[in-house]
Amino acid sequence: MMQSSGVIICLAYILGLLFTAVPWGGIWILAMGILAAVFFRAIFINLRKINYKQENYLTKAKTGVNTPLTTPHPRVWLIAGLVGLLATFYFQVRTPQPGAKDISQFVSNENNSNQEQLVIVRGDVIGTPRLTRSQKGQFWLNATQLDEVKNDQGPASVPKGVTGKLYVTVPILQATGLYPGQQIAVTGMLYKPKAAQNPGAFDFQKYLKQEGAFAGLVGKQINIIDEDRKWGWWKIREQIVRSQVRWLGVPEGPLVSAMVLGSKAVDLPYDIRDLFVKVGLAHALAASGFQTSLILGIILQLTRKANKGVQFFCGSLGLLAFLCLAGIQASILRAVIMGFAALIGLVLERKVQQLGSLLLAATLLLLFNPLWIWDLGFQLSFLATLGLIVTATPITKRLDWLPPAIAALIAVPIAATIWTLPLLLHIFSVVAVYSVPLNIITTPLISVISIGGMISGLVSLISQDIGSTLASFLYYPTHWLIQLAEFFANLPGSSVAVGSISTWQMFVVYGLIISTCLVGWWQKRWWFAGLMAVVLVIVPAWHSTSNLLRITLLATNNEPVLVIQDQGKVTLINSGDEGTGRFTILPFLQQQGINKIDWAISSKFLANENDAWLEIMDSLPIKNFYAYTYQQENNLETQAIQKQLQQQQGIYQPLALGQTINTGAIIGQFINDKLPILKLQIFGQNWLLVGSIKSQQIAQLVKTGDLSSPQVLWCPSESLQDLVTALQPQVAIASDNNLSSKTLDAIKGKTKLFFTGRDGAIQWTPDGDFEAFIQVTENKSSNL
């Protein structure tokens, strides 16, 4: 059992890391430590007097047992404050920064794709290549040498010695067969990652920084330097995966392997990964406590007749082998440390305090890598485990009218959900409605698959044929698990976007959860705490959605994508190219708590690529769909959209030239049957969306009066100068800034210019001016 002083110091260290998100966070921790020392000093002195009197009384009476009242010494609080302060400095020291020879320092012309420099990067492969969503191979490379290449493929300069970790993507066939530690040379183009450009979008720059990388490489060709396949744990992992995939096939085989080794160690198809995340089964793909419990349970059962030293040795060997196979991950390290704590308790014949071992594991891991404090996997792993320790038992007791096995089966997913849901809402803004019942139903299947997968994996190391045969018996349980996940995912309202809750809302909800665990008054009124938490999440989101008037022009590659929020009514104009729906539009709508689109307007001719309407409609219903398809009325994509709308009971309305669209907040029409021009009136503002047109066409339209001066203009960068000169809008927005400084100065005048490629999404509200998302984000970050 950890002493109270040790608990306070460990918590102070963790709190100090968390306070790195607060201005002068370390000073705040130190100040709290000093205040606590002053406050508890008086209590400490009073308790010493009480204990002294009690001791004298018992000495005279010579009866009874003296149980002294204790509280941590005031200096413990001072030490805790200092530890918290030092934790903030330690976090800054351990935060990755590019060195002088880091390969990111040699990235040039990152904003000008026409002058990208072809390079050859030599280095060692880190980890096993994986398949990306765009069906490319991806792996990490430890860069050691950089060569620039001329257009004639000759060396441009003397090779440079470089350092740093590089995020590499190549055609899938180029990545096939690569293995960790292999020396290769990759020909491609370097780039620096961009920060998130839209609200709710994935921050690629932040992700790479957390991984200790500051640049990426779009590879075209790989040349192998080292052909020798050196031994590594990856070989054993590869042998297990191949054995299980052999007779199970895809996706059942990779799913079994992922449930045994973790999804980060196995290249699981993204559709299965996304499905499990959507329905609330993501924990089944994260190797952690469940797997280590099985490993220890099996080993201790097999060695039950041996002495405790043998049990400890065999158990330790099993835990270390599992750690090496699954890889260094926060959730796995946490489970292994707690497994070792259980083994030590077994040897010493002492009961291990689970909360103490969890706190110790968290402290050790954060000493090893303090950056994990902001790793979502680390946070969810510890919160779920904390929920199982402190909440599962009380829930089980309240279900004492059920058989114990069934009560425990219900209590475990409820406890884990209670502790992880606030964080998930803060990050993803979505609730998996059927997560708890699905977890209850699938727990037996997950247990069978995990145990069977471990047994078949171990046997495959001896004989792949026998291992494959054993794995084949897991086909139906695995197939049924996938079918159950798909069934629940397709139920009405399977996932509901409630909007992103703020940090203070999250902390208040966690405060209510902790109160129900520690305070007797709240324990008796747990239902009231739950009601308060629900109200705290739902009411602000409902109030904001019901009163919000806002226009958001999202940062996309080609055509403009507008989201108009009008007091609970949502209009979406355009969907961008493939992938925009999944990675830009849907995350933004989820963050805003939007679960349906009232009006959708498609101006297909503003982009040459396939659009993302089907991606969006797979997740959100659309009530009214207006489409001007520009001589593509009968194409297959339009037919698929119409079919999907019929299933959602939506209305498809093709638009003719000059026909007016009126949604209440928006009045719009296409004004030319040959040129991509959409005229809109939004909240009383005149918007003009113009595609790629020539200067002569612009002059002709202005001359004939078809184009009038709008308040807001969107157009491609190549048309910006001509359109701003001719129309003089108040605000002009383009995707990329490819214009010279001289040209920009010439066209600015009274026009305010935005470039979504530089400024990110552009937002407007009736009581404010146009705001650039990246600028607003930087202003908020500067306060931290």
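Two residues are in contact, or touch, when they have heavy atoms within 4.5 Å of each other. Keep that in mind as we walk through this predicted model, where local features need pLDDT of at least 70, side-chain atom pairs count only at pLDDT 80 or more, and totals for chains, interfaces and linings use all residues. Residues are numbered from 1 along each chain as its sequence is written, and side-chain values use heavy atoms, with hydrogens and water left out.

Let's start with Ile-29, which sits in helix α2 (residues 25–61). Helices here are DSSP runs of H or I with at least four residues, strands are runs of E with at least two, and both are numbered from the N terminus. Setting aside residues up to four places away in sequence, Ile-29 touches Leu-15, Gly-16, Phe-19, Ala-80, Gly-81, Gly-84 and Leu-85. Its C-alpha atom is 9.5 Å from that of Tyr-13, a residue 16 places away along the chain. Is Ile-29 buried or exposed? It counts as buried because its relative accessibility is 5%. The scale goes like this: buried means under 20% relative accessible area, exposed means over 50%, and partly exposed is in between, using a 1.4 Å probe and protein chains only.

Now look at helix α3, residues 74–94. Its 21 residues reach 30 Å from the first C-alpha to the last, close to the 30 Å expected at 1.5 Å a residue. That expected span is 1.5 Å times one less than the number of residues. The buried residues of α3 include Ala-80, Gly-81, Gly-84 and Leu-85, and these four are also among the residues that Ile-29 touches.

Time to zoom out. The chain has 29 helices and 23 strands, and 46% of its 784 residues are buried. Of the contacts with a separation of 6 or more, 67% are between residues 24 or more positions apart.

What about the inside? A nonpolar core is a set of buried Ala, Val, Leu, Ile, Met, Phe, Trp, Tyr and Cys residues joined through side-chain atoms within 4.5 Å. The largest one has 66 residues, and Leu-255, Phe-276, Leu-281, Leu-366 and Leu-481 touch the most other members. Take Leu-255: leaving aside neighbours within four places in sequence, Leu-255 is in contact with Leu-268, Ile-272, Phe-276, Leu-285, Thr-478, Leu-481 and Ile-482. Apart from this core lies another, of 28 residues, with Tyr-628, Ile-682, Ile-762 and Phe-770 among them.

A little before Leu-255 there's an oddity: the peptide bond from Val-250 to Pro-251 is cis, with omega near 15°. Pro-251 belongs to the loop between α6 (233–248) and α7 (252–261).

Next comes helix α13, residues 376–390. At 1.5 Å a residue its 15 residues should span 21 Å, and its end C-alpha atoms are indeed 21 Å apart. At its start, a side-chain oxygen of Asp-375 comes within 3.1 Å of the backbone nitrogen of Gly-377. Buried residues in α13 include Phe-378, Phe-382, Leu-383 and Ile-389. Which helices help to cover the buried residues of α13? Among them are α11 (330–348), α12 (354–368), α14 (392–398), α15 (404–428) and α19 (503–518).

Some of those helices turn up again around a pocket. A pocket is found on a 1 Å grid over the protein atoms alone, as an open set of points where a 1.4 Å probe fits, with protein on both sides within 12 Å along at least five of seven lines; its lining residues have an atom within 4 Å of a point. The second largest pocket is lined by 30 residues, and Ile-418, Ile-513, Thr-516, Trp-526 and Gly-530 lie nearest its centre. Helices α14, α15, α19 and α21 (526–547) each supply at least two lining residues, and α21 gives the most, with 7.

Finally, visit strand β11 (residues 569–573), home of Thr-571. With 3% relative accessibility, Thr-571 counts as buried. Beyond four places in sequence, Thr-571 touches Leu-562, Val-563, Ile-564, Trp-599, Ile-601, Thr-663 and Ile-666. Gln-567 lies in the loop between β10 (561–566) and β11. It has a positive phi of about 50° although it is not a glycine, and at 48% relative accessibility it counts as partly exposed. Trp-613, in helix α23 (residues 613–617), is buried with a relative accessible area of 0%. Ile-601 is one of the residues Trp-613 touches, and Ile-601 also touches Thr-571.

Note on methods
A polar contact is a pair of N or O atoms within 3.5 Å; within protein, one must be able to donate a hydrogen and the other to accept it, and residues adjacent in sequence count only if both atoms are side-chain atoms.
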